[in-house]
Amino acid sequence: MRKDVRILLVGEPKVGKTSLIMSLVSEEFPDEVPLRAEEITIPADVTPERVPTHIVDYSEAEQSDEQLYQEISKANVICIVYSVNNKKSIEKVTSHWIPLINDRTDKDSRVPLILVGNKSDLVEHSSMETILPIMNQYQDIETCVECSAKNLKNISELFYYAQKAVLHPTGPLYCPEEKELKPSCIKALTRIFKVSDLDNDGILNDNELNFFQKTCFNTPLAPQALEDVKNVVRRNMTDGVKDNGLTLKGFLFLHTLFIQRGRHETTWTVLRRFGYDDDLELTQEYLFPLLKIPPDCTTELNHNAYLFLQSVFDKHDKDRDCALSPEEVKDLFKVFPYMPWGPDVNNTVCTNDQGWITYQGYLSQWTLTTYLDVQRSLEYLGYLGYSIIYEQESQAAAITVTRNKRIDLQKKQTQRSVFRCNVLGARDSGKTGFLQAFLGKDLQRQRRIREDHKSLYAISTTYVYGQEKYLLLHEVMPDFDFLSEADLACDVVCLVYDINNPRSFEYCAKVYKQYFIDSKTPCVVIAAKSDLHEIRQHYSLSPQEFCRKHKLHPPQPFTCNTTEALNKDIYTRLTTMAMYPSSQPTRSLYSLTQRSVTVLCQLTHRLLARCSYPCFWLPLFLFLLHVFTLC
């Protein structure tokens, strides 16, 4: 809602503009009226809507046309004042003032108008018969008020309606000609209904109505009040109430009724509580709350966020098969302005035999989005109403920002739950197969994936020492000359080569030596397509010799061309290496070569053979062990 309201009074000379302002301020009719009143500001604490209000007078005698145009451009609402006993001033409303104002305002953001019939104390009849056709002709006119500055009649009401026209405008909500809600309003209220329908049964039961009422107005409805609301709907439509709950049609009817009875503020309170602005668009502040992410930190969903997403899944999994059919996915995302998940998602996370996203796959996709693009995750949670359902200040409360990775390395432990593995290799080396196998898809299922439905990501869970963790695999396109920071920033690296292609390993060796040889990031070499005949690689060292020289684990054989269940041990190993990088072979006890171990054993044997008291040589043995570890 606006932080303040600026009201401009215009009209013909002598219609009482200045008198209206002075009567409001002094609460009595002034004996002497100046040509123009100075701008006044009414503090927020004395206005009904608790918003500071600036009231500006206009005098043709004191101000130029240019000054008038400037005031029109600054005004939030304009009161066109006429005298009820002066027909010429009424005619000027349509012949002069409305055209002038329209010419000076943008067509897409017209200023609301209030018609003010002053000096009602001088006549016994009403001017409404003359004014109503004008109101029907111009949609920008919010309302008409007849008042008297002399008798103080409807003075406070006049400025209240002007303030209300700004804070709770009719225009975006309702079409008076059709006597129905506008499409944009129906769309917004439909989303609000679906978010509030916690069990997704198409009706708001008493518990859901009470939660809605408490969320928007900070107070629940008494049982009798709930029944009264439903009875009003029953009397006016046949399908507004079902199973003693309010249907979407009934919900929309109630808001139509509120607006028709002049209670626009009720509908606006609901809309703003659910994140909408004056144009019925979700605000940037609502969708993208401030979230500070320091360098070398990652973003994850916290426990409450997963509970919320679980409840969203459960309410849309109609057949209770722990998977979302295409129809159920569409229903889930009806509260979004667009479909956020494309067909590639089905090849990014785990699916069932029908290709439908499973419960685990659903949570994995949310985890992936939060890790890669937390702003998008915040946006999605906003559409689903996370902050409203969980009564949080914003959906930023759903996000955990992990501590700096360097601190994890120093402490040799981490609280993170999501770990990234970048998968590199030459073209056709088997990277995609490695990713899809993680999702349980063998080669036969992979061949059915359309080219435009493929994904460069795969994410699922693994268990490390009994803890559930997410492993995110990212296939990096083979471009040796340029690897971006994103290609290099990860927790563990997979270097994949095809054992049946003699030139495949060379790419892995060059990438490792160029980018990772001095890195603290653990690296694993994957010997893909291990079901095929292994061919000697055209490189100076064999893959085994290369790994031995650079103190890497031996190449790990892998194939997805099997009819048996795919072995996923390699993914658990990758997650473990990502969690505990300091315990990997590089610069650790495990980096001792076979020759080094042999030399150490020989030295120890000789020392112990010469000493009658081996215990005296134990410290020396430990010292030698430490020296070899550091070498």
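**A cavity, a buried helix and unpaired cysteines**

Helix 17 gives three residues to the lining of the largest cavity, the largest share from any element. The model is a predicted one, and the search turned up one cavity of 30 Å³ or more. About 100 Å³ of space lies inside that cavity. Its lining is made up of 13 residues, and those nearest the centre are Asp408, Leu409, Ala578, Met579 and Pro581. Two elements put two or more residues into this wall, namely helix 17 (405–411) and helix 23 (569–579). As for chemistry, the lining is a mix: six of its residues are nonpolar, three are polar and four are charged.

Next comes helix 15, which spans residues 374–384. Nine of its 11 residues are buried, so helix 15 is largely enclosed by the rest of the structure. On the list of buried residues are Val374 at one end and then Ser377, Leu378, Glu379, Tyr380, Leu381, Gly382, Tyr383 and Leu384. A charged side chain, that of Glu379, thus turns up on this list. In an α-helix, residues three or four places apart point the same way, because there are 3.6 residues a turn. Right after helix 15 sits Gly385, with a positive phi near 80°.

Away from the helices, Thr351 is found in the loop that runs between helix 13 (326–332) and strand 14 (357–358). Loop or not, Thr351 is buried, because its relative accessible area of 12% falls under the 20% cut-off. Setting aside neighbours within four places in sequence, the contacts of Thr351 are Asn346, Trp356, Ile357, Thr358, Lys441 and Arg445. Two of these partners, Ile357 and Thr358, are the residues of strand 14.

Finally, the cysteines. The count of disulfides is zero. Cys79 is in no disulfide, and the nearest cysteine sulfur, which belongs to Cys147, is 9.2 Å away. A pair has to come within 2.5 Å to count, so Cys79 stays unpaired in this model. Cys79 is also buried, with a relative accessible area of just 1%. Cys560 is likewise in no disulfide; for this residue the nearest cysteine sulfur is that of Cys494, 14 Å away. Cys560 counts as buried too, at 10% relative accessibility.

Definitions and conventions. Residues numbered from 1 in each chain as written. Predicted model: local features only at pLDDT ≥ 70, side-chain atom pairs only at ≥ 80, totals over all residues. Heavy atoms only, no water. Buried < 20%, exposed > 50% of the residue type's maximum accessible area, 1.4 Å probe, protein only. 1 Å grid on protein atoms, 1.4 Å probe; cavity = no way out; pocket = protein on both sides within 12 Å on 5 of 7 lines; lining within 4 Å. Points joined across faces, edges and corners; volume = space filled by probe spheres on them. Helix = DSSP H or I, 4+ residues; strand = E, 2+ residues; numbered from the N terminus. Contact = heavy atoms within 4.5 Å.
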